[in-house]
Every structure is written in C-alpha cells, then in structure tokens.
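The following paragraphs lead through one protein model, from a single side chain outward to the sheet and the loops. Please keep the sequence and the coordinates in view while reading.

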Amino acid sequence: MQLNLDPTVFDEQQAILVRELVQSIRVKLQEAGLKGEKLEEATASIAFSVASTLDDTSAIEVNGTEVHPYLTFRTSDDELTHCGENSYTHEFVYEVLQSLAQQRSK
C-alpha cells in the first residue's frame, strides 16, 4: 500500500464522508421518532461528536491505552491518501448540515 499526500483529494473525501455520516445519523434519528428542531439539534450534536473523535480532538483512553486516530482514504486498490496532519472532518459538519437543510426546503 502506498501512502500519498494529497490535501485536495483528502478534502474532497472528508466532505463526502461527513455528508454520508450526517445523512445516516439523521435517518436513524428519524426512525427513532425525532422530528423538527430536536432532530436537527441531535443530528448536529452526534455528527460533530463523531467527527471530532475521528479527528483525534477528543481524548480516547481506556485502561491506560491512548488511541489516536489518523484518517486516510483508500483512493485506489493500492493507495491511501492523507493530508499530512490529523483530519478536520468536524469543520465540514456545519456546512453539510446547511447544505442538506437547503435541499430539504426546496
């Protein structure tokens, strides 16, 4: 497996991942009966929490073992793409939520 540094492709992949996460979270919360503002607030809160965990901005430690995720994307069968630092998926959450809200209002 080859590790490639490509921030542009990495950004595109992060945005797609966050969009899918947000949509999946929202659907599951709707299935659980949430509606309206409670649905939107819970979706945002959970999505931001999951993204922050992926970005290694949340301390993860169990029984003295620290865990530090480092996100890469498989961009072909033998390539992983990274951005040279920790991911920043949490920065895409608000933008994705706004985009999806605009689509629903049309």
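Contact here means that heavy atoms lie within 4.5 Å. The structure is a predicted model, and every value below is computed from it.

A convenient point of entry is threonine 43, which is placed in helix α2, residues 36-54. Apart from neighbours within four places in sequence, threonine 43 is in contact with Val22, Ile25, Arg26, Leu29 and Leu97. Is this residue buried or exposed? Threonine 43 has a relative accessible area of 1%, and because buried means under 20%, the residue is buried. Its side chain also reaches the backbone oxygen of leucine 39, at a distance of 2.7 Å.

Val22 appears again in the nonpolar interior. The largest nonpolar core has 17 residues, and those touching the most other members are Phe10, Val18, Val22, Ala47, Tyr88, Val93 and Val96. Two or more residues of this core come from each of the elements α1 (7-31), α2 and α3 (90-104). Valine 93 illustrates the packing: leaving out residues up to four places away in sequence, valine 93 touches Val18, Ala44, Ala47, Phe48 and Ala51.

Two further members of that core, Phe10 and Tyr88, introduce the aromatic residues. The count of aromatic pairs comes to three. In the pair of phenylalanine 10 and tyrosine 88, the ring centres are 6.4 Å apart and the planes stand at 55°, so the pair is tilted. Phenylalanine 10 belongs to helix α1, whereas tyrosine 88 lies in the loop between β5 (79-82) and α3; the pair therefore ties together parts that are 78 residues apart in sequence. Both phenylalanine 10 and tyrosine 88 are buried. One aromatic cluster is formed by Phe10, Phe73, Tyr88 and Phe92.

Phenylalanine 10 is also touched by a loop residue, threonine 72. This threonine is placed in the loop between β3 (65-66) and β4 (73-76). Besides Phe10, threonine 72 touches Leu3, Leu80, Thr81 and His82, not counting residues up to four places away in sequence. With a relative accessibility of 24%, threonine 72 counts as partly exposed. Its C-alpha atom is separated by 12 Å from that of threonine 89, which is 17 residues away along the chain.

The next topic is the sheet. Three strands form an open sheet with mixed pairing, in the order β1-β5-β4. The edges are occupied by β1 (2-5) and β4, each with a single partner strand, so one side of each is left without a neighbour in the sheet. On average, and with direction ignored, neighbouring strands are turned by 40° against each other. Strands β1 and β5 run parallel and are joined by four bridges. Asparagine 4 stands opposite threonine 81 in β5. Helix α1 packs on this sheet, where it touches β1, β4 and β5, and the direction of α1 makes about 115° with that of β4.

Two loop residues remain, and their backbone angles deserve attention. Most residues other than glycine have a negative phi. Aspartate 56, found in the loop between α2 and β2 (61-62), has a positive phi near 65°. Asparagine 63, placed in the loop between β2 and β3, likewise has a positive phi, near 50°. At 78% relative accessibility, asparagine 63 counts as exposed, whereas threonine 43, the starting point, is buried.

Terms used. Residues numbered from 1 in each chain as written. Predicted model: local features only at pLDDT ≥ 70, side-chain atom pairs only at ≥ 80, totals over all residues. Heavy atoms only, no water. Buried < 20%, exposed > 50% of the residue type's maximum accessible area, 1.4 Å probe, protein only. Polar contact = N/O pair within 3.5 Å; in protein donor to acceptor, adjacent residues only side chain to side chain. Core = buried A, V, L, I, M, F, W, Y, C linked by side-chain atoms within 4.5 Å. Phe/Tyr/Trp six-rings, centres within 6.5 Å; stacked < 30°, edge-to-face > 60°. Pairing = 2+ DSSP bridges. Axes fitted to C-alpha atoms, helices over the stretch in contact; angles between N-to-C directions.
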